Amino acid sequence: MRYRLTPTRLIGERAVSEIVLSHPDGTSQSIKTSLVISAIGFRGRAVPGMPFDHAAGVIPHDRGRVVDAKTGLPLPGLYCTGWIKRGPTGVIGTNRSDAAETIASLLSDIDGPGLPTPSKTQHNWRSCSGNVSPT
């Protein structure tokens, strides 16, 4: 991890291939990458089709399982963790224990009726996720 760096430029033709970061002393460095995730801000935003508590800026959930805002019932196969789950509080350790709670719910659902039948085969999964394997 690198701290106290400011992204100043994205490089790439049709997709990002590199990011330029500035140091506090004015120098900069370039890092090859194929993915950039914006994680700036302190308030969650609604995602179309996903329940959202606008007052708190979080997704309603029960131990990480996303729940229907009206009924409080879990929405099978939807989970959340981090600030979108609890709001902008805590540190890296908080995120780890928060994620562990969500994963425990997911694992419990795998053993029970909590997950819907996958709509993609393992072959489809590999084709849409590159070299990442679901196992």
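## Starting at the hairpin

Which residue of strand 2 stands opposite R9? That place goes to V20. This is a predicted model, so take everything below as read off computed coordinates. The pairing behind that match is antiparallel: strand 1 and strand 2 (residues 18-22) run alongside each other over five bridges.

Six residues sit between the two strands of this hairpin, and G12 takes a positive phi near 160° there. Is strand 1 (residues 6-11) buried or largely in the open? None of its six residues is buried, so strand 1 lies largely in the open.

## The chain as a whole

Zooming out, the protein chain has three helices and six strands. Reading from the N terminus, the order is β-β-β-β-β-β-α-α-α. Of the 135 residues, 19% are buried.

The chain exposes about 10,200 Å², with carbon and sulfur atoms supplying 58% of that area. As for contacts, take those with a separation of 6 or more: 25% of them involve residues 24 or more positions apart.

## R63 and its backbone

Now for a bit of backbone geometry. R63 is not a glycine, yet it has a positive phi of about 55°. Where does R63 lie? It is in the loop between strand 4 (61-62) and strand 5 (65-67). R63 has 46% relative accessibility, so it counts as partly exposed, given that this class runs between the 20% and 50% cut-offs.

## Y79 and its surroundings

Y79 belongs to strand 6 (residues 74-79). Its relative accessibility is 22%, so Y79 lands in the partly exposed class. The buried class would need a value under 20%.

What does Y79 touch, once neighbours within four places in sequence are set aside? Its contacts are G64, R65, V66, T102, S105, L106, D109 and L115. For G64, the C-alpha atom is 5.4 Å from that of Y79, with their positions 15 residues apart along the chain. With D109, the contact includes a polar one: the two side chains meet at 2.5 Å.

## D109 and R65

D109 has another partner too. It forms a salt bridge with R65, and the closest N and O atoms are 2.9 Å apart. Since D109 lies in helix 2 and R65 in strand 5, the pair ties together parts that are 44 residues apart in sequence.

Are these two residues buried or exposed? D109 counts as buried because its relative accessibility is 9%. R65 is buried as well, with a relative accessible area of 12%. Both D109 and R65 also appear among the contacts of Y79.

## The helix 1 and helix 2 network

Across the whole structure, a search finds six salt bridges. Which residues are linked in a network of them? The members are K85, R86, D98 and E101.

K85 forms a salt bridge with D98, where the closest N and O atoms are 3.1 Å apart. This pair links distant parts of the chain, with K85 in helix 1 (residues 83-86) and D98 in helix 2, 13 residues apart. Both K85 and D98 are buried. For D98, the relative accessible area is 8%, which puts it in that class.

D98 also meets R86 through their side chains, in a salt bridge of 3.4 Å from N to O. Here too the pair links distant parts of the chain: D98 is in helix 2 and R86 in helix 1, twelve residues apart. While D98 is buried, R86 is partly exposed, with a relative accessible area of 24%.

## A nonpolar patch

One last stop is the surface. I103, L107 and I110 make a nonpolar surface patch of about 280 Å². L107 lies in helix 2 (residues 92-111).

How does L107 count in terms of accessibility? It has 48% relative accessibility, so it counts as partly exposed. An exposed residue would need over 50%, while patch members need over 30%. That is why L107 can be partly exposed and still pass the area cut-off for a patch.

Conventions. Residues numbered from 1 in each chain as written. Predicted model: local features only at pLDDT ≥ 70, side-chain atom pairs only at ≥ 80, totals over all residues. Heavy atoms only, no water. Helix = DSSP H or I, 4+ residues; strand = E, 2+ residues; numbered from the N terminus. Buried < 20%, exposed > 50% of the residue type's maximum accessible area, 1.4 Å probe, protein only. Contact = heavy atoms within 4.5 Å. Areas by Shrake-Rupley, 256 points an atom, 1.4 Å probe, with all protein chains shown as cover. Polar contact = N/O pair within 3.5 Å; in protein donor to acceptor, adjacent residues only side chain to side chain. Patch = residues over 30% accessible without salt bridge, like charges linked within 9 Å, V, L, I, M, F, W, Y side chains within 5 Å. Salt bridge = Lys/Arg side-chain N within 4 Å of Asp/Glu carboxyl O. Pairing = 2+ DSSP bridges.
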